[in-house]
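Hi,

Here is the structure I promised to pass on to you. Please have a look at it first, and then read my notes below at your own pace.

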Amino acid sequence: MSVDHKRIVVMTGATSGIGANAIKRIAAQPNMQIIIGARGVKNGPEGAEVIQLDLASLASVRTFAAEVKQRLGKSPIDILVLNAGVQTMDSTTRTVDGFEVTFGVNHLAHYLIARLLVPYMADDGRLVITTSDTHDPAMGVGGPKTLEPQALAHPGKHPKFSAYPASKLCNLLTARSFDALAKVQAPHITVIAFNPGLTLGTGLSRDAPRGVRGFMRIMRPIFRLLSIFKPQFYPGKPERAGVVLAQLALGEINLPAGHVCASLVRGKITFPDPSALAQSDEARDLLWRKSAVMVGIQDEPT
Ligand SMILES: NC(=O)c1ccc[n+]([C@@H]2O[C@H](COP(=O)([O-])OP(=O)(O)OC[C@H]3O[C@@H](n4cnc5c(N)ncnc54)[C@H](OP(=O)(O)O)[C@@H]3O)[C@@H](O)[C@H]2O)c1
């Protein structure tokens, strides 16, 4: 990626936690033009443009994407970082469009942003989607063993702890879908699914019940001990995860050929295979098709 021209970065989830740390580092590079999608009135790093974006509304996603394209004119996006996320554990919250909120915000909204903006990415661009190792049942934290997009979008009885890992499986499958597209491969766009690992001190659990938030606060030393045997419980810091997210987005860290997943384990970058379900082309294609219908992209077969 040449640094002679301004590199254009579009990012969600840049206002808090891991993303706020990442954008600080990205903004510190020379020749960057940064557009942040954020809800409410938010300030980004100096010089960053903020465009209103509520991921709980597909209309807001469409308006955001249209505004990005309008502001950029003919200039392509070099780096697209889809990092925003929620973990509510609430059985009732729905998006404006009626989807279960974790699925709607974490997956559907980002799927739609990617569908709308990837065609406007530069050759040698980079698409980074933040996922989580919780998508993997082997991690022991409720990762899904099957994929049923309709049930995730409109759950009957809400599976409190499994909605979030399932949404992160969807992020991973979406990354794999884009990675497989000829229109992504031909211009050498790199697709990365990034797992920051357990990262304490972010706002992710802000909407979780008080008991859960209190529990997470006192757990740091216990997680540290536990991580001796189970590395996925190593309690990382948002600063470190943010630096690695920025390095992946900027191309300072590259993945081995054929890999899509980058994962922070005990503060170190690794490139593991995701769960068996995340590697399934059948699950990947099913999610792509069903998501297209849900977001109203009519030209996709169901
Ligand atoms: N923390 C962890 O242990 C962990 C582990 C694995 C993966 N992750 C992933 O890392 C990413 C960042 O999470 P974090 O831990 O840094 O949490 P965070 O501090 O809560 O950051 C979440 C970001 O998402 C934005 N966001 C949430 N809902 C939104 C909406 N409806 N519209 C627009 N923006 C919205 C937030 O914006 P506001 O400022 O407006 O709230 C914030 O910028 C997420 O994708 C998460 O799933 C986190």
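**What I found**

His188 is exposed, with a relative accessible area of 55%. Before you go further, please keep in mind that this is a predicted model.

His188 caught my eye for its backbone: phi is positive there, at about 60 degrees, although the residue is not a glycine. You will find His188 in the loop that runs between helix 6 (182-185) and strand 6 (190-195). Arg266 is another residue other than glycine with a positive phi, in this case near 55 degrees. Look for Arg266 in the loop between strand 7 (261-265) and strand 8 (268-270). Is Arg266 buried, exposed or partly exposed? With a relative accessible area of 36%, Arg266 counts as partly exposed, because this value falls between the 20% and 50% cut-offs.

**The ligand and its surroundings**

Which residues come nearest to the ligand? There are 29 residues around the ligand, and the nearest of them are Thr15, Ser16, Tyr164, Thr202 and Arg206. By type, the shell around the ligand consists of 11 nonpolar, 13 polar and five charged residues.

Some atom pairs are worth displaying on your screen:

- In Tyr164, an N or O atom of the side chain is 2.6 Å from an oxygen atom of the ligand.
- In Lys168, a polar side-chain atom lies 2.9 Å from an oxygen atom of the ligand.
- In Leu55, the partner is a backbone N or O atom, which lies 2.9 Å from a nitrogen atom of the ligand.

How much of the ligand does the protein cover? On its own, the ligand has 880 Å² of accessible area, and the protein covers 96% of this. Helix 1 (17-27) and helix 5 (163-180) are the elements that give two or more residues to the shell around the ligand.

**A patch on the surface**

Leu225, Ile228 and Phe229 make a nonpolar surface patch of about 390 Å². Ile228 belongs to the loop between helix 8 (220-226) and helix 9 (238-250). Ile228 is exposed because its relative accessible area, 57%, is over 50%.

**The loop after strand 5, and one more loop**

Next, go to the loop between strand 5 (121-130) and helix 4 (149-153), where Ser132 lies. Ser132 has a relative accessible area of 8%, so it counts as buried, the cut-off being under 20%. Its side chain makes a polar contact of 2.7 Å with the side chain of Thr134.

Pro144 also has its place between strand 5 and helix 4. Is Pro144 buried or exposed? Pro144 is buried, with a relative accessible area of 13%. Along the chain, Pro144 and Val128 are 16 residues apart, and their C-alpha atoms are separated by 22 Å.

Last comes Gly258, in the loop between helix 9 and strand 7. Gly258 counts as exposed, at 83% relative accessibility. If you draw a line from the C-alpha atom of Gly258 to that of Gln150, it spans 30 Å, and the two residues are 108 apart along the chain.

If you have time for one stop, I would begin with the ligand and the side chain of Tyr164, with its 2.6 Å pair.

Enjoy exploring, and write back with any questions!

Best wishes

Key
Residues numbered from 1 in each chain as written. Predicted model: local features only at pLDDT ≥ 70, side-chain atom pairs only at ≥ 80, totals over all residues. Heavy atoms only, no water. Helix = DSSP H or I, 4+ residues; strand = E, 2+ residues; numbered from the N terminus. Buried < 20%, exposed > 50% of the residue type's maximum accessible area, 1.4 Å probe, protein only. Patch = residues over 30% accessible without salt bridge, like charges linked within 9 Å, V, L, I, M, F, W, Y side chains within 5 Å. Areas by Shrake-Rupley, 256 points an atom, 1.4 Å probe, with all protein chains shown as cover. Salt bridge = Lys/Arg side-chain N within 4 Å of Asp/Glu carboxyl O. Near = heavy atom within 4 Å. Polar contact = N/O pair within 3.5 Å; in protein donor to acceptor, adjacent residues only side chain to side chain. Nonpolar A, V, L, I, M, F, W, Y, C, P; charged D, E, K, R; others polar.
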